There are 2 protein chains.
Amino acid sequence: MESSSAASGGSTRREATRQKLYEAAVTLIAEQGFSATTVDEIAERAGVAKGTVYYNFASKSVLFEELLRHGVGLLTASLREAAERTARDGGGKVDALDAMIRAGLVFIDRYPAFTQLYVAELWRTNRAWQSTLMVVRQEAVAVVEGVLREGVDNGEFSEEIDVPLTAAALVGMVLVAALDWKSFQPERSLDDVHAALSRLLQGRVSGCR
Amino acid sequence: MESSSAASGGSTRREATRQKLYEAAVTLIAEQGFSATTVDEIAERAGVAKGTVYYNFASKSVLFEELLRHGVGLLTASLREAAERTARDGGGKVDALDAMIRAGLVFIDRYPAFTQLYVAELWRTNRAWQSTLMVVRQEAVAVVEGVLREGVDNGEFSEEIDVPLTAAALVGMVLVAALDWKSFQPERSLDDVHAALSRLLQGRVSGCR
DNA sequence: GTTTTTGCACTGACCAGTCAGTTCAAATTC
DNA sequence: GAATTTGAACTGACTGGTCAGTGCAAAAAC
């Protein structure tokens with residue numbers, strides 16, 4: 001059948017309801033968790049009939065899985081863009097990391113609910129969407145690992161660093177700091193938070209000045 | 001009648017079943033989440049009848065809340081102990097932070113399921129145990145903030161650092177690195193992971209050597 | 001005229017919490 | 001020290017409610 005032959009958007013109407021459903025689902029699931037969120041709630045918040053949910057997604061879990069893919073896709077693209085931009089501008093790998101920290105903060109600032117939901121699910125086991133989550137996580141972390149590895153190769157970073165672990169630690173630093181920011185001191189500016197994390201990254205907290 | 005007169009522990013039998021229930025609940029909830037975990041499952045894994053769960057805890061949520069309090073209590077005590085130990089040994093605040101990173105890793109190594117569950121719930125809103133979680137979180141983060149603040153006061157850390165945000169970032173760094181360690185490269189040694197994080201803390205990745 | 005959405009009644013599985021009854025070790029009595 | 005009592009701890013079948021997912025005819029959108 002191939003309803004709306006390729007192009008790019010897909011039939012707009014359908015895409016619009018799917019988007020509404022994503023938005024409704026993301027906040028509800030972030031607040032309450034997947035199992036505590038009912039399909040009726042999602043439909044209601046999206047302003048759509050329950051049948052529509054099932055017309056657009058095979059099941060509640062599938063809706064959630066596609067939501068995950070969608071969200072992490074945005075993040076990955078944004079990280080990659082930040083890294084490439086600094087490269088084009090002739091910045092070093094430290095600048096790339098710094099730009100990625102900012103990109104991460106911007107993302108979390110714009111999609112706090114998604115971030116929250118992602119963190120809540122990431123280390124779970126025995127869940128239906130486990131494998132989707134792994135794939136999608138790896139895509140995002142790989143961008144950070146790539147920059148670190150290039151930095152080691154060109155001598156900008158110490159050869160002693162453990163690339164995957166350091167990448168995870170950096171992601172964690174940004175993630176937790178940002179979630180705390182949003183949850184407990186939302187009045188602060190992004191620049192402010194970025195400056196604090198930059199300082200930490202460059203070891204200007206302890207050690208050398 | 002006072003079956004087993006006071007002393008201190010409380011009736012041992014009861015305490016033992018509660019412990020079994022904690023252990024059963026912590027792994028199940030870490031794997032599946034709170035709502036997806038049934039009381040029947042918890043009871044079964046603890047090798048106890050469902051009624052016993054309700055004999056020992058007012059409800060499923062209360063069981064979970066007490067579990068949270070119990071677990072974070074252990075963590076806080078361990079962090080505090082690490083900080084005090086380095087102070088006694090005449091170490092500086094950097095040593096204290098480093099010791100706390102290790103204490104955090106040791107905790108996560110021993111109780112990975114608890115950590116996972118804690119992270120998954122920490123930034124949720126609209127949940128029954130929200131306030132418990134806040135209290136308990138603050139206790140733990142306060143220990144890190146305390147050390148940072150003392151370090152700023154005695155000139156060991158830059159006055160420019162943002163104490164609460166840096167504390168959150170440090171906690172995040174350890175948390176995420178450790179969860180990744182346990183999930184994706186569990187064969188690595190604690191010392192190894194600790195060394196990588198130490199290096200990052202002291203800015204020996206980028207910037208000065 | 002085809003695709004998408006609606007509204008709504010329905011089903012069947014699942015699950016938190018209850019409660020009447022059982023177990024058993026320690027305390028009490030004789 | 002044997003017989004009896006006590007009560008905390010535990011048991012598991014049962015209940016009332018909830019919820020994912022279905023089915024479908026009619027309406028709306030394109």
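In this predicted model, 14 residue pairs are in polar contact between chain A and chain B, counting pairs in which both residues have pLDDT 80 or more. Several helices of chain A take part in this meeting of chains: α1 (12-32), α6 (112-122), α7 (130-153), α8 (163-184) and α9 (190-201) each supply at least two residues of the side that touches chain B. The leading contributor is α8(A), which gives 14 residues to that side of chain A. Sorted by class, the side of chain A that touches chain B holds 27 nonpolar residues, along with 15 polar and 12 charged ones.

The interface can also be described by its contacts and its area. On chain A, 54 residues are in contact with chain B, and 54 residues of chain B take part in return. Between them, the two chains bury about 4800 Å². Carbon and sulfur atoms account for 61% of this buried area. Charged side chains also pair up here, with six salt bridges found across the interface of chain A and chain B. A helpful pair to look for in the structure is B:E160 and A:R199, whose side chains form a salt bridge with an N to O distance of 3.6 Å.

Attention now turns to the DNA. Around DNA strand D there are 19 residues, and those that come nearest are A:K50, B:T17, B:A49, B:T52 and B:Y55. Of the strand D atoms that come within 4 Å of the protein, 75% belong to sugar and phosphate.

Individual contacts with the phosphates can be picked out in both chains. In chain A, an N or O atom in the side chain of A:Y54 is 3.0 Å from a phosphate oxygen of DNA strand D. The backbone has a part as well: a polar backbone atom of A:K60 is 3.1 Å from a phosphate oxygen of strand D. From chain B, the side chain of B:N56 places a polar atom 3.4 Å from a phosphate oxygen of strand D. The elements giving two or more residues to the surface near DNA strand D are α3 (50-56) of chain A, together with α1 (12-32) and α3 (50-56) of chain B. Here the largest share comes from α3(B), with four residues. By class, the surface near DNA strand D is made up of six nonpolar, eight polar and five charged residues.

Technical notes
Residues numbered from 1 in each chain as written. Chains lettered and ligands numbered in written order. Predicted model: local features only at pLDDT ≥ 70, side-chain atom pairs only at ≥ 80, totals over all residues. Heavy atoms only, no water. Contact = heavy atoms within 4.5 Å. Buried area = accessible area lost by both parts, 1.4 Å probe. Salt bridge = Lys/Arg side-chain N within 4 Å of Asp/Glu carboxyl O. Polar contact = N/O pair within 3.5 Å; in protein donor to acceptor, adjacent residues only side chain to side chain. Nonpolar A, V, L, I, M, F, W, Y, C, P; charged D, E, K, R; others polar. Near = heavy atom within 4 Å.
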